[in-house]
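This report describes the predicted model shown below. Please keep the sequence and the structure in view while reading.

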Amino acid sequence: MGNQSNSLTSLALQKFKKNFWGVFSLGIIGCIGLISVFAYLFAPDSSKNANQMHLSIHSKSPGFEVQMLTIPSGIKTEQNFFLKLFFGKNNTNTEIPIQSFEVKGGVLTYVEYASDGLQGLEKQIELSQFPNSNYKNYLDNRSFFFGTDKYGRDYLSRILIGSRISFFIGFVAVFISLIVGLLMGSLAGYYGGKVDAFIMWIINITWSIPTLLLVIAITLALGKGFWQVFIAVGLTMWVEVARVVRGQIISAKEMQYVTAARALGYNDYRIITKHILPNIFGPLIVISAANFAAAILIESGLSFLGIGAQPPMASWGAMIKDHYNYIILGKPYLALIPGLSIMLLVMAFMLVGNALRDALDVKG
């Protein structure tokens, strides 16, 4: 039995490897996953939530460059490497975009950047405010590869850090839906009768409520926030898993290996977990891939409605919400970049799901 299952697994792997779009999509998912985990390592603005605002350079086009003066605050922040890597730096310094500067007699005079070719304000700062009066270390040319958003934040950094929510909501939602769906579906399919009727009644009621409406209700009950959305999306996606598991178990429990397990005196828990569930794992993998894509879309919709991740946390859905009016104001890329990011990730999961379905199709 073990050798047969191993050979079937290797056969499925070989079939999956031959599917170009499946392998390519898996590579995209892997890259986005890597970026989302180490987002602050890749982001040009590694401050917490990439939230450095410069209103004087708002809504600038991709490739925009400006000279940036950083004025040290003198406040020391104790933060270890791992906190910086996963949660961003606590930046207490002040960053000012400038047009020009000159140094005379221990004073740095600079002209603040002003949009639309206007003359910016002229200000002065004493060199003693910089450590060892070395101002050169605090002046640099800053490039914004994706431009800036309406608050003057680096758009590339916001996109990279926003990938975290879209990527991880898939994992959390699928994990919750699998736990609840497997439990409910297994009980309904294996025991049948009144247990099945009761669970099917719960499934049908949950199924009849529109997904977005149910998510909004759960989110409002738990409160607005990051983890609340994850839990809410997960609690609405278990129904499909439960229906598939129930149907598979109803057909699998009549098989000879289940009858043999009963004859050997194994308890119901062992029969379900050790004998039935491993044999119905194929459809579950496919449905999980589809649920990943659905979870990303639901979260984006919630963020667009303002119920998802709350500002200043970066989220692709919230970024579309903030900038969708720029489509008619001549800067459509501000809404299109996060929109295309969502589309790319969802399409990758759907193509992986299709490739897995073909690979695990025994009849094929």
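## Two asparagines with positive phi

Asn-49 has a relative accessibility of 15%. Because the limit for buried is under 20%, Asn-49 counts as buried. The residue sits in the loop between α3 (39–42) and β1. Its phi is near 60°, which is a positive value in a residue other than glycine.

Asn-132 also has a phi near 60°, again a positive value in a residue other than glycine. The loop that holds Asn-132 runs between β4 and β5. Is Asn-132 buried or exposed? With 79% relative accessibility, Asn-132 counts as exposed, since the limit for that class is over 50%.

## The sheet

In what order do the five strands of the open sheet stand? The order is β4-β3-β2-β1-β5, with antiparallel pairing. The edges are taken by β4 (122–126) and β5 (139–144). Each of these two has a single partner strand, so one side of each is left without a neighbour in the sheet. From one strand to the next, the twist averages 50°.

The pairs can be taken one by one. Strand β1 (residues 64–71) is antiparallel to strand β2 (residues 94–104), and five bridges hold the pairing. Within it, Leu-69 has Ile-96 of β2 as its bridge partner. Six bridges link β2 and β3, also in the antiparallel sense, and here Val-103 stands opposite Leu-108 in β3. The hairpin of β2 and β3 has two residues between the strands, and Gly-105 takes a positive phi near 50° in it. Strand β3 (residues 107–112) is in turn joined to β4 by five bridges, the two running antiparallel. Tyr-110 stands opposite Lys-123 in β4.

## The nonpolar cores

The largest nonpolar core is made of 39 residues. Val-233, Ile-296, Leu-302, Leu-345 and Phe-349 have the most contacts inside it. Two or more residues come from each of the helices α2 (20–37), α5 (155–191), α7 (211–222), α8 (226–236), α12 (281–305), α13 (316–323) and α14 (333–359). Which of the elements gives the largest share of this core? It is α14, with nine residues.

Another core, of 14 residues, lies apart from the largest one. Val-241, Val-245, Ile-249 and Val-258 are among its members.

## Contacts of Ile-296 and Val-352

Ile-296 is one of the residues with the most contacts inside the largest core. Leaving out residues up to four places away in sequence, Ile-296 touches Ser-166, Ile-169, Ile-342, Leu-345, Val-346 and Phe-349. Leu-345 and Phe-349 are themselves among the residues with the most contacts in that core.

Val-352 is part of helix α14. At 6% relative accessibility, Val-352 counts as buried. Which residues does Val-352 contact, leaving aside its neighbours within four places in sequence? They are Phe-16, Gly-22, Ser-25, Leu-26 and Ile-29. Val-352 and Leu-220 are 132 residues apart in sequence, and their C-alpha atoms lie 33 Å apart in space.

## A pocket and a cavity

The second largest pocket holds about 390 Å³ of space. Its lining has 18 residues, and those closest to its centre are Phe-86, Phe-87, Arg-164, Phe-226 and Met-313. The elements α2, α4 (81–87), α5 and α8 each give two or more residues to this lining. Of these, α5 gives the most, with six residues.

How many cavities of 30 Å³ or more does the structure hold? There is one. The largest cavity contains about 70 Å³ of space. Its lining consists of Pro-44, Asp-45, Gln-52, His-54, Glu-95, Arg-142, Ser-143, Phe-144 and Asp-154. Strand β5 gives the most to the lining of this cavity, with three residues. The same strand stands at an edge of the sheet, with a single partner strand.

## A cis peptide bond

One further backbone feature is found in a loop. The peptide bond from Pro-311 to Pro-312 is cis, and its omega is near 5°. Pro-312 is placed in the loop between α12 and α13. Both of these helices give two or more residues to the largest nonpolar core.

How values were computed:
Residues are numbered from 1 along each chain as its sequence is written. This is a predicted model: local features need pLDDT of at least 70, side-chain atom pairs count only at pLDDT 80 or more; totals for chains, interfaces and linings use all residues. Side-chain values use heavy atoms; hydrogens and water are left out. Two strands pair if DSSP finds at least two bridges between them. Helices (H or I, at least four residues) and strands (E, at least two) are DSSP runs, numbered from the N terminus. Axes are lines fitted to C-alpha atoms, for helices over the stretch in contact, and angles run from 0 to 180 degrees between N-to-C directions. A nonpolar core is a set of buried Ala, Val, Leu, Ile, Met, Phe, Trp, Tyr and Cys residues joined through side-chain atoms within 4.5 Å. Buried means under 20% relative accessible area, exposed over 50%, partly exposed in between (1.4 Å probe, protein chains only). Contact means heavy atoms within 4.5 Å. On a 1 Å grid over the protein atoms alone, a cavity is a set of points where a 1.4 Å probe fits but cannot get out, and a pocket is an open set with protein on both sides within 12 Å along at least five of seven lines; lining residues have an atom within 4 Å of a point. Grid points are joined across faces, edges and corners, and a volume is the space filled by probe spheres set on the points.
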